[in-house]
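Dear colleague,

I am passing on the structure we talked about, together with a few notes on what turned up in it. Please keep the model open beside this message while you read.

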Amino acid sequence: MNSRSFWLKILSAVVLFGAWQIAGMIPVSYAFPTFFESMAALVRMAGDGTLFQAYLETLRPLVIGVAISAVFGIGLGLWIGLSSKFDWLFSPIFIVMQAAPLAALIPLLVMAYGIGLTSKVFVVCIMAMPVIVLNTASAVRNTPSSIKDMGRSFLASDTEIILKIIIPAASPVIFSGLRLGVSAGFIGAILAELKITPTGVGDIITYSRSIADYPAMYAAIFSIIVLAVVFLNLLERLEVYLFEGNVRGYASD
C-alpha cells in the first residue's frame, strides 16, 4: 500500500507539472511561464540565497502566529466543547471570523499596530485560529457519551476523563483542524506580506510581478506551496506518533 501510495503521488506530480509545462509552451498567457522556466528561477534564487533570506522573514510571523493559534485555539476549543455556556458565548465569534472576509481587517490592524511583525502575526492568527477552535470544539462536543460514562463508572476524575478519554477520542478531528489552521496560516502570512509591507516571499512575488519576471514569481509561489505540504505531512506524522491507536487514512496516503 505504501509503494502504491508513493507511485500515485509521483504520477499526480508528473501529470500536474506536465500540464503546467504544456500550458506555458502554448502559451495560455504571456505571463504564464513553463514549469522548467519556473524551476530554473527557483534554483537561481536558491543558489544566490535570495529565497532563503526571504523565508527568514516569512517564517517569523508564520511560526509565531501558528504556535499562538494552536495553543490558544485548542485551549479555547476544549473549553467551548466542554461548557455549554462558554459555547453559547464564544462560538458565534469564531463562526463569524471564519465566514467574514478577514483581509478587510488588515488596514485596521495596520492602523493599530503598524507595519511590523505584530500586525503580521495577528493576520496569521485571525486566519488560523477560527478553524482550530471550531474543529476542536466540535470534536470534544461529539465525543461519545458512552465512553465518558464508562470512565465515570471506573471512578475517573474530570481531569482524567478529559486527558485520557476526550482528548484521545477527539484527536483525529483536532489534528484535522490543526492542518487546516496551518494552511490558513500560510495564506495569512503571504497575505500580510502582500498587503501590509512587501517582505520575505511576498516581496519576491510583488517585485517579480512589477518587473515582469514571471518565472521568479511562480517559483516563489511554488516554493510556499511545497513548504505548506511539508508542514502538513509533518503534522500527520506527529499525530501518528502521539495517537497511534487513532490512525486513519489520509488523502496524502
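A good place to begin is Ser38, which touches Trp20, Pro33, Pro215, Tyr218 and Ala219, if residues up to four places away in sequence are not counted. Please bear in mind throughout that this is a predicted model. Ser38 is found in helix α2, and because its relative accessibility is 0%, under the 20% limit, Ser38 counts as buried.

Helix α2 also takes part in one of the salt bridges, of which a search of the whole structure finds four. In general, side chains of opposite charge can pair when their charged atoms come close. The side chains of Asp213 and Arg44 meet in such a salt bridge, at 3.5 Å from N to O. Asp213 lies in the loop between α9 and α10 while Arg44 lies in helix α2, so this pair ties together parts that are 169 residues apart in sequence. Asp213 counts as partly exposed, with 22% relative accessibility, and Arg44 is partly exposed as well, with a relative accessible area of 44%.

The loop that holds Asp213 has another residue worth a look, namely Ala212, which lies between α9 (200-210) and α10 (214-242). Phi of Ala212 is near 60°, a positive value in a residue other than glycine, and at 44% relative accessibility Ala212 counts as partly exposed.

Now turn to helix α3, which covers residues 50-82 and so has 33 residues. From its first C-alpha to its last, α3 reaches 48 Å, close to the 48 Å expected at 1.5 Å a residue. Where does a kink of about 30° lie in α3? The kink is found at Leu59, shortly before the proline Pro61.

Helix α3 also holds a salt bridge between Glu57 and Arg60, whose closest N and O atoms are 3.6 Å apart. Both residues lie in α3, three residues apart, which is about one turn of the helix. An α-helix has 3.6 residues a turn, so residues three or four places apart point the same way. Glu57 counts as partly exposed at 33% relative accessibility, and Arg60 counts as partly exposed at 45%.

On the surface you can find a nonpolar patch of about 420 Å², made by Ile64, Ile68, Val71, Phe72 and Leu117. Four residues of this patch, its largest share, come from α3. Val71 is one of the residues in the patch and lies in helix α3; because its relative accessibility is 58%, over the 50% limit, Val71 counts as exposed.

Another salt bridge joins Glu236 and Arg237, with the closest N and O atoms 3.8 Å apart. Is each partner buried or partly exposed? Glu236 is buried, with a relative accessible area of 7%, whereas Arg237 is partly exposed, with 46%.

Two further places deserve a careful look. The peptide bond from Ile26 to Pro27 is cis, with omega near -15°, and Pro27 is placed in the loop between α1 (2-25) and α2 (35-47). Asp149, for its part, is in helix α7 (residues 145-153) and counts as partly exposed at 45% relative accessibility. The C-alpha atoms of Asp149 and Trp88 are separated by 24 Å, and the two residues are 61 residues apart along the chain.

With best wishes

Terms used:
Residues are numbered from 1 along each chain as its sequence is written. This is a predicted model: local features need pLDDT of at least 70, side-chain atom pairs count only at pLDDT 80 or more; totals for chains, interfaces and linings use all residues. Side-chain values use heavy atoms; hydrogens and water are left out. Helices (H or I, at least four residues) and strands (E, at least two) are DSSP runs, numbered from the N terminus. The expected span of a helix is 1.5 Å times one less than its number of residues. The bend at a residue is the angle between axes fitted to the seven residues ending there and the seven starting there. Buried means under 20% relative accessible area, exposed over 50%, partly exposed in between (1.4 Å probe, protein chains only). Patches are made of residues with over 30% relative accessible area and no salt bridge: like charges are joined within 9 Å, nonpolar side chains (Val, Leu, Ile, Met, Phe, Trp, Tyr) within 5 Å. Accessible areas come from the Shrake-Rupley method with a 1.4 Å probe; for residues, only the protein chains shown count as cover. Contact means heavy atoms within 4.5 Å.
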